[in-house]
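Biologist: Please pick one part of this model and go through it closely, contact by contact. I would like to follow the chain of reasoning from the outside inwards.

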Amino acid sequence: MIAIDPGASGAIVFKTATGLCVEKMPQTRRDVLDLLVLAYGAGNSLCLIEKVGMHMKGNAASSSVKFAKSCERVGCAAEFAGLEVHEV
């Protein structure tokens, strides 16, 4: 199983043969995809992504857009990596 907190200060966590791997949220689409492919190769096929709100009253629209892009980036990368994706 892979668990993802999709925010800019979030993380991706997955099981490996030697324990848990905890990685800071990668900055690029390519790096997110590469990490999820690595997780899939370690035997993980289920991906749980934290279901979060997209805009909070009082936040700048540009911050909300940046956050939404980050959330969509991890979801798309997970699907491209062949993972079964669920928002929780």
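Modeller: Leaving out residues up to four places away in sequence, Leu20 touches Val13, Phe14 and Lys15. This is a predicted model. Leu20 sits in strand β3, which covers residues 19–24, and the strand β2 covers 11–16. Leu20 has a relative accessible area of 66%, and because the cut-off for exposed is over 50%, Leu20 counts as exposed. A nonpolar core is made of buried residues, so Leu20 is not part of one. Along the chain, Leu20 and Glu84 are 64 residues apart, and their C-alpha atoms are separated by 19 Å.

One of the residues that Leu20 touches, Phe14, leads inwards. The largest nonpolar core has 18 residues, and Phe14 belongs to the group that touches the most other members, together with Ile2, Ile4, Ile12, Leu36, Cys47 and Leu83. At least two residues of this core come from each of β1 (2–5), β2 (11–16), α1 (29–41), β4 (46–49) and α2 (61–80). The biggest share is that of α1, with five residues.

Leu83 is worth following from there. Leu83 is in the loop between α2 and β5, the latter being residues 84–87. The relative accessible area of Leu83 is 8%, and since buried means under 20%, Leu83 is buried. Not counting residues up to four places away in sequence, the contacts of Leu83 are Ile2, Leu36, Tyr40, Asn44, Ser45, Cys47 and Ala78. Among these, Ile2, Leu36 and Cys47 are also in the group that touches the most other core members. From Leu83 to Val52 the separation is 20 Å between C-alpha atoms, with their positions 31 residues apart along the chain.

Two of those contacts of Leu83, Leu36 and Ala78, also take part where the two helices meet. In α1, Arg29, Val32, Leu33 and Leu36 meet Arg73, Val74, Ala77, Ala78 and Phe80 of α2. The axes of α1 and α2 come within 9 Å and cross at roughly 45°, which means that α1 is oblique to α2. The crossing is right-handed.

Helix α1 also holds a charged pair. Side chains of opposite charge can pair when their charged atoms come close. Here the side chains of Arg30 and Asp34 form a salt bridge, 2.9 Å from N to O. Both residues are in α1, four residues apart, about one turn of the helix. With a relative accessibility of 37%, Asp34 is partly exposed. In the whole structure, a search finds one salt bridge.

The loop between β1 and β2 rounds off the picture, with Gly7 as one of its residues. Gly7 has 7% relative accessibility, so Gly7 counts as buried. Apart from neighbours within four places in sequence, Gly7 is in contact with Met25, Phe67 and Ser70. Gly7 and Gly82 are 75 residues apart in sequence and 22 Å apart in space, C-alpha to C-alpha.

Methods: Residues are numbered from 1 along each chain as its sequence is written. This is a predicted model: local features need pLDDT of at least 70, side-chain atom pairs count only at pLDDT 80 or more; totals for chains, interfaces and linings use all residues. Side-chain values use heavy atoms; hydrogens and water are left out. A nonpolar core is a set of buried Ala, Val, Leu, Ile, Met, Phe, Trp, Tyr and Cys residues joined through side-chain atoms within 4.5 Å. Buried means under 20% relative accessible area, exposed over 50%, partly exposed in between (1.4 Å probe, protein chains only). A salt bridge is a side-chain nitrogen of Lys or Arg within 4 Å of a carboxyl oxygen of Asp or Glu. Axes are lines fitted to C-alpha atoms, for helices over the stretch in contact, and angles run from 0 to 180 degrees between N-to-C directions. Angles under 35 degrees count as roughly parallel, over 145 as roughly antiparallel, 65 to 115 as roughly perpendicular and the rest as oblique. A crossing is left-handed if the near helix is turned anticlockwise from the far one by less than a right angle, and right-handed if clockwise. Contact means heavy atoms within 4.5 Å.
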